[in-house]
Amino acid sequence: MIEINKLVSVFLILSLVAGCAYAFSFDDLLDWVSSLFGDKKEEVVCNPPYMRLGDACCLDSEGNGICDDDERQQTTTPRTTGQTPTTSKPGKTTLKSSSSTVDGSVSTSAKPPTTTLASKLKADTVTLDGTLAVDVDPVLTASGATLIQPTTGGYLEFVDLSSGSHTSVALSGDILSGVDVLALKSGKAVIPVKKGNGLVDIIDIAGKKIIKSIPLSAQLQVDVDAVLTPDETKALMATRQDTSNSYLEVIDLVAAVLSKKINIQGDLKEGVDPVVYSDGSKAVVPTLKGTGVGARASFIDLVSGNIVKALDVDGRLEEDVDLKLTSNNEILLLPTKTPVLGYLSIIEAKTMSLQKKLTLSGTLKESVDLYFLTGERKAFIPVYTGSQGYIDVIDVYARQIDHSIKLSGDLIRGVDGKLTPDGSLIIIPTQKGTTAYLDIVDPLSGTLKASVLLSAVSHESVDVQISEDGKKAYVLSGKPGLAYVDVVDIASAKLVNTHKLTGGLVTDLDAQLTSGTKPYAVSSNAATGYVTIIRNLPAKALVCLTTGMGTGYAEAIDTSTDTSFGIMSLPGNVVAGVDGISASEASTTPHFDEDMTMRQDDQTVFTTTTHPAQTTTTTTWYGTTSTYPPYTTTTLDDYPQTTTTLTDYPQTTTTTLSDAVITPRCGDGYLSWSGTPGGGSEECDPNTGPYNNWQGAQRYDCPSGLSCVNCKCVGCGDGRLQAGEECDKNNKYSTVNGQRLWQGSKHDCSGEYEMCGSDCKCTSSVVCNPPLYEDSQCDGECDPTCETCESMDGFPCYECRPKDCSDLSGDWSSSVRCDGNHEEIEHHPDCSQCARCKEVCPEDDGYYKLLGCAGKCDLRLCIKVGGNGEYQDCYKCNEPKCGDGIITSGEQCEEDADCPDYHACKGCQCVTDCAGYCADQGSNGYAVFAGAANQAACTNEATARMNALRADCRVVCSATAWMQGVSGTCCCVDADWVPCLNCPCVAPCNPDCDTPKPTCQAKL
């Protein structure tokens, strides 16, 4: 009965695990079944470098979970650099393949199955020859038809996005994290690789072959890319020799030669690339200056290859925070930092002179960049202090900070502020504790317009995306293993939808907007590389790459309807910093990736293998037979070295005489450690003898910076506090098959403001460089009129701080606000932080600051406004009017004195004084008549009098001889005699009549 129960149990459990068989090996299952019936086998224990295989052990020298014998069964076609490799592994099923021949070399492409999860997505998958490296992105050729993906093992792989065919080129060395390939419009590709000091391979894309491999003078630096000149005739590669010497190496891409090597003195900073003037005349290379706080910008003439200026600035470079140059080559912005302060050096690029060093509102954040606003006259940079973020808006031509805008929370490493397409708003995610926000900032007014609460916290180096019309923002947020896409309406600042994704977020994998129907390619898996080609995305889509339980997912959202379109599992997992790519990305999607950097404490793993690699070699010393199985030694250090593979060495076979072991001897060229036959505790071996004259003896070095003394690695960084050391970072060690050769520990400095330097000495972690000072007098640098020297809270430094403006004579203030209508800020002549309001006299409205009204009116008409109202201290042009004492256009007089004799001023016109004038005319017979109101009335009256005469006479005054007088009178002012018809001379005739004539004269 017991046996039956056991069988039932076996059946039930086998049924349960049928869907999870991947978690159990067949041997494990047999062992478990045997144990049910009391027939459990003795447990087999395999110590490294051996692994269990059924009831026995097999050699796994690489520690990769594959027996070396199985690996040797692979068939590998010998290749030379630049040819296409082909590899076939037994036991692997090829589901779909395509092949092509390039230059006589065959390329195969195996396509594993892709699982579709309730999805409309359709895709093909291509298997690559190599695997993916962190932050080494794919690129597209100029036509967008071919994807180029660098992979580890030293391959440049090409995938035709239309047919899915695949070929690859074996590079001259291996790729380095964060160093990308460049695809040129000329049909060439440029990729730096690591081998020795480093190489740059120039590839013919169409021919799939290396045109030239150019050796470099120094080593590549993680995340420091090659930079092209605008005409793509030169590639500039910054390389590193040591902390004091770096180079800018200029490669002529036309001639395929290294044309210049310029020593720029100083150390490179991860992720901080050179910049090139838009006319290709100069390059600027930023470096760290020595080991202290300081940076240098080296200006290099690309024609002569000379350094024309080396400009030193305060502060250190921050990881992946780049310089920015205006497109007209006028202004260069160089951001630097201290632990507590951020600086922005504004440099006049043509004269290469420092114009202003601005102290920012906080310090810089890793991988959070500076950007220009539309028009490039202003820029913005996110900064932080403590756990509070700010955005500083800088007028780069006025050389001042216009606004410092406080955000809702802290900055997130690698998450930049993004401009809306019209350049009017900055969109940036922030977070406070476990709460995340999307902040919407108006840079011109200097205000935080709105803050939108998000579904979960944001992830490092995962940026917000903005729709092409600028109406919506798409924000990735998440928790461990779970991610969301929050859709925010920017105008209303409202969360309008949230899409729950299948997997979790991965560092530096942004969601990407597409606008079109071209294929979208996803690279995945660091174990076996794949490219998955998605062929049926919606015309407008947001593609998200996520991870879950070792599986990657591609998830698409139709942004035109704001609905989920499909989810597809990938053949492998996604890799940090390796984005998807499409020729139809939306215009708002950045076509560069500058967020991901390798942290300083991430050690690079380098592997070497003893030789011969394929079999066991036996050596006899003094009658003792010793076995030397192949094993893998891994060195962790700051600088790259070469990885050696098994297949690169000749395979030999010798006969094993016995399993006898060798007594460890320092200098024998054999690394005796606890895992080798005979054991041992060696950490290095100089191979200097004695007993080093056997086949396979070689030198085993310590990590860079450590010395091999008595086969022990000693020095700063080994985690063992030695004589003369005050601290130790414990950042250098060696391992064999995953086991450390020694166990050190970190030894910190005891001082509150001390840090462990590269020499294992404790140094101050806070350097009080200007504008910070070490003494309470601030080195006498403070302006005694306006500043005082005060200590900084929480730091052993002092700084010059503005005095309270109220202590200055006058009504000065540090927080003055003017109403903006008829007042403006007047700054103190000595203390720029103090100001007061002064009245504005707007000339557009006819008000002027000074008497004279800027010559806009007659000086006598420029009068002070006065009174107690607005503009009381301003001047304005007075409107001319009769009686204002000023004779202006259209006026003859303002008073009688302005008129000629016998005239009076009336209505600013000179009129005749008829009474006085006519009285002085004597017997001329001029007359004064009353009752006329104006000149026309006088004329009419004169005419009437002439018509009334019926005598043949002459009239003394014609109509034109009459003028208006004062007080409503008229007068005759001219003896203008005219004939008057029908005037009979009847006695008594007029005494003035000319009696001899038949006519007479008459006077009016």
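The questions and answers below go through a predicted model and the reasons behind its labels.

Me: What makes up the protein in terms of helices and strands?
Reply: The protein has five helices and 71 strands. A helix here needs at least four residues and a strand at least two.

Me: How many of the 1004 residues count as buried, as a percentage?
Reply: Buried residues make up 48% of them. The cut-off for that label is under 20% relative accessible area. The protein exposes about 46,400 Å², and carbon and sulfur atoms supply 50% of that area.

Me: What share of the contacts in the protein with a separation of 6 or more comes from residues 24 or more positions apart?
Reply: Such residues account for 49% of those contacts. A contact means heavy atoms within 4.5 Å.

Me: How do you know that Cys716 and Cys760 form a disulfide?
Reply: Their sulfur atoms are 2.0 Å apart. The cut-off is within 2.5 Å, so the pair qualifies. A search of the whole structure finds 17 disulfides.

Me: Which parts of the chain does the pair of Cys716 and Cys760 link?
Reply: Distant ones, 44 residues apart. Cys716 is in the loop between β53 (712-714) and β54 (733-736). Cys760 is in the loop between β56 (754-756) and β57 (762-764). Cys716 is buried, and Cys760 is too. The angle about the S-S bond is 95 degrees, and the link is right-handed.

Me: Why is the link of Cys749 and Cys762 called a disulfide?
Reply: The sulfur atoms of Cys749 and Cys762 lie 2.1 Å apart. The limit is 2.5 Å, so the name fits. Cys749 sits in the loop between β55 (739-740) and β56, while Cys762 is in strand β57. The two are 13 residues apart.

Me: Is the link of Cys749 and Cys762 left-handed or right-handed?
Reply: It is left-handed, with -100 degrees about the S-S bond. Both Cys749 and Cys762 are buried.

Me: What makes Cys786 and Cys831 a disulfide?
Reply: The S to S distance is 1.5 Å. That falls within 2.5 Å, so the pair counts. In general terms, a disulfide is a covalent bond between the sulfur atoms of two cysteines.

Me: Why is the disulfide of Cys786 and Cys831 given its handedness?
Reply: The torsion about the S-S bond is about -75 degrees, so this disulfide is left-handed. Cys786 lies in the loop between β58 (772-773) and β59 (787-791). Cys831 lies in the loop between β61 (823-827) and β62 (835-839). The pair therefore ties together parts that are 45 residues apart in sequence. Cys786 and Cys831 are both buried.

Me: How do you know whether Cys544 is buried or exposed?
Reply: Cys544 has a relative accessible area of 1%. Buried means under 20%, so Cys544 is buried.

Me: Why is Gly678 called partly exposed?
Reply: Its relative accessibility is 45%. Partly exposed lies between 20% and 50%, so Gly678 gets that label. Gly678 is in the loop between β51 (632-637) and β52 (707-709). The C-alpha atoms of Gly678 and Pro664 are separated by 7.2 Å, with the two residues 14 apart along the chain.

Me: What is the phi of Asp135, which is not a glycine?
Reply: Asp135 has a positive phi of about 60 degrees. Most residues other than glycine have a negative phi. Asp135 lies in the loop between β8 (123-127) and β9 (139-140). Its relative accessible area is 2%, so Asp135 is buried. Asp779 also has a positive phi, about 55 degrees, and is not a glycine. Asp779 is in the loop between β58 and β59.

Me: What makes β25 and β28 edge strands?
Reply: Each pairs on one side only. The open sheet has four strands in the order β25-β26-β27-β28, with antiparallel pairing.

Me: How do you know that β25 and β26 pair?
Reply: They are joined over two bridges, in the antiparallel sense. Pairing takes at least two bridges, so β25 and β26 meet the criterion. Leu333 in β26 is the bridge partner of Lys324.

Me: Why do β17 (227-228) and β20 (257-263) stand at the edges?
Reply: Each has a single partner strand, so one side of each is left without a neighbour in the sheet. That open sheet runs β17-β18-β19-β20, with antiparallel pairing. Strand β19 (residues 245-252) and β20 pair over six bridges. In β20, Lys261 is the bridge partner of Glu249.

Definitions and conventions. Residues are numbered from 1 along each chain as its sequence is written. This is a predicted model: local features need pLDDT of at least 70, side-chain atom pairs count only at pLDDT 80 or more; totals for chains, interfaces and linings use all residues. Side-chain values use heavy atoms; hydrogens and water are left out. Buried means under 20% relative accessible area, exposed over 50%, partly exposed in between (1.4 Å probe, protein chains only). Accessible areas come from the Shrake-Rupley method with a 1.4 Å probe; for residues, only the protein chains shown count as cover.
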